[in-house]
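Before you take this model further, please read the notes below alongside the coordinates. They deal with the sheet first and with the enclosed spaces afterwards.

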Amino acid sequence: TYVPKLFYRETWFQKVIQQNPAFCVKMKLNGHFNNLPDEWGGSHFFVGWCHTFGQFIPEDKYFAQHPEWFSEIGGKRVGNMSQLCLTNPEMKKELIKNALAAIKARPNAAIISISQNDYPTTYCQCEKCKAAVAKYGGIQSGLVLEFVNSVAEEIEKVYPDIWVETLAYQFSRKPPINIVPRKNVLIRLCTLECDFSQPLTSEKNKAFHDDIVAWRKIAPRMFIWDYTINFGEFHLPHPNINILPANMKFFEDNNAVGIFEQGDGFNQNVQFTPLRTYLASKYIWNPNIDAEKVKLEFLNGYYGKAGPYLNEYIKLLQTAVQRDKYYLKYHQRTTPYLHTQDYID
């Protein structure tokens with residue numbers, strides 16, 4: 001009998017795979033987009049998935065009558081591409097009402113996301129919000145967590161078994177001081193700013209490493225949103241296959257109970273998509289398995305006689321990017337590590 005530490009396991013590669021329930025059961029995936037029927041174990045569905053401030057308090061519905069519910073930036077309330085004014089009690093009351101209605105509409109959900117919009121610089125700068133941020137070490141995540149905790153407290157009164165998730169992402173990635181998540185709150189930490197050619201334990205990723213270690217001290221349960229593909233150039237080689245197992249082990253060692261591996265969910269058979277899906281699924285289930293053995297198992301089984309040569313190609317890309325000391329970003333748009341000389345060597 002084996003019981004994984006991660007109760008939530010999901011990869012996001014190639015929709016024909018991630019939405020194939022039989023394949024997901026075989027690979028032991030059970031996330032929001034896997035859509036497993038109950039008789040096959042079911043999925044852990046979200047209400048809202050992510051970036052839900054705008055879903056529960058949409059600007060087109062509320063801004064005209066309640067501009068004070070939205071971010072104040074430069075002395076002016078902003079409704080377009082904005083966050084919310086998290087110290088406004090009337091806004092919070094409305095958001096809680098809407099969130100409870102959304103849970104009621106999806107009774108099979110396990111988690112609701114109460115999380116910031118995907119705009120990195122539009123958090124509220126009103127005097128009340130600035131004062132609240134100052135209480136938590138001048139870190140925006142403190143105010144976000146204060147707000148989410150208070151919403152989670154009200155949700156728990158009606159739905160005690162629902163987890164309330166929020167993002168530690170961009171301006172809210174650093175952990176605050178003087179506050180901890182409530183018992184029903186999940187922190188989903190995002191690896192957006194990392195160097196994806198190096199393990200997260202490397203010196204290049206020290207900032208993220210330190211953040212997750214600090215979050216671990218205050219959050220008994222962590223969710224991880226990890227990025228494993230180049231969203232700037234989907235078709236170009238992304239040499240991170242050989243560092244995935246070390247990262248999975250790092251996540252599990254730091255209180256992760258759920259992982260979402262966001263890869264290329266749009267293109268079919270690009271960038272070793274089948275291989276990446278297989279490996280990520282195996283590592284999420286058990287990050288202590290023999291990574292090289294599992295990789296060769298797939299390469300040889302899927303590509304046949306070409307398997308050993310493709311393995312050499314994967315190693316070549318990894319060697320090239322590390323030799324050039326190239327910073328492999330989430331939105332990488334150039335590939336200086338792809339030189340003709342690399343292939344001659």
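The numbered points below concern a predicted model.

1. The sheet is open and holds 7 strands in the order 1-9-8-7-6-5-2, with parallel pairing. Its edges are formed by strand 1 (8-12) and strand 2 (45-47), each of which pairs on one side only. On average, and with direction ignored, neighbouring strands of this sheet are turned by 25° against each other.

2. At the edge formed by strand 2, the partner is strand 5 (residues 109-113), which runs parallel to strand 2 and is joined to it by 3 bridges; within this pair, F46 stands opposite I111 of strand 5. Helix 10 (residues 273-285) packs on the sheet, where it touches strand 1 and strand 9 (256-262), and its direction makes about 165° with that of strand 1.

3. How many cavities of 30 Å³ or more are there? The count comes to 3, and the largest has a volume of about 70 Å³. Its lining includes F53, Y123, Q140, L143, V144 and F171, and helix 7 (residues 140-158) gives the largest share of that lining, with 3 residues. By class, the lining has 8 nonpolar, 3 polar and no charged residues.

4. The second largest cavity, with a volume of about 40 Å³, is lined by S141, V144, L145, T166, L167, S172, I187 and W215. Helix 7 and strand 6 (163-168) each supply at least two of these residues, the largest share, 3 residues, coming from helix 7. This lining divides into 5 nonpolar, 3 polar and no charged residues.

How values were computed
Residues are numbered from 1 along each chain as its sequence is written. This is a predicted model: local features need pLDDT of at least 70, side-chain atom pairs count only at pLDDT 80 or more; totals for chains, interfaces and linings use all residues. Side-chain values use heavy atoms; hydrogens and water are left out. Two strands pair if DSSP finds at least two bridges between them. Helices (H or I, at least four residues) and strands (E, at least two) are DSSP runs, numbered from the N terminus. Axes are lines fitted to C-alpha atoms, for helices over the stretch in contact, and angles run from 0 to 180 degrees between N-to-C directions. Contact means heavy atoms within 4.5 Å. On a 1 Å grid over the protein atoms alone, a cavity is a set of points where a 1.4 Å probe fits but cannot get out, and a pocket is an open set with protein on both sides within 12 Å along at least five of seven lines; lining residues have an atom within 4 Å of a point. Grid points are joined across faces, edges and corners, and a volume is the space filled by probe spheres set on the points. Ala, Val, Leu, Ile, Met, Phe, Trp, Tyr, Cys and Pro count as nonpolar, Asp, Glu, Lys and Arg as charged, and the others, Gly among them, as polar.
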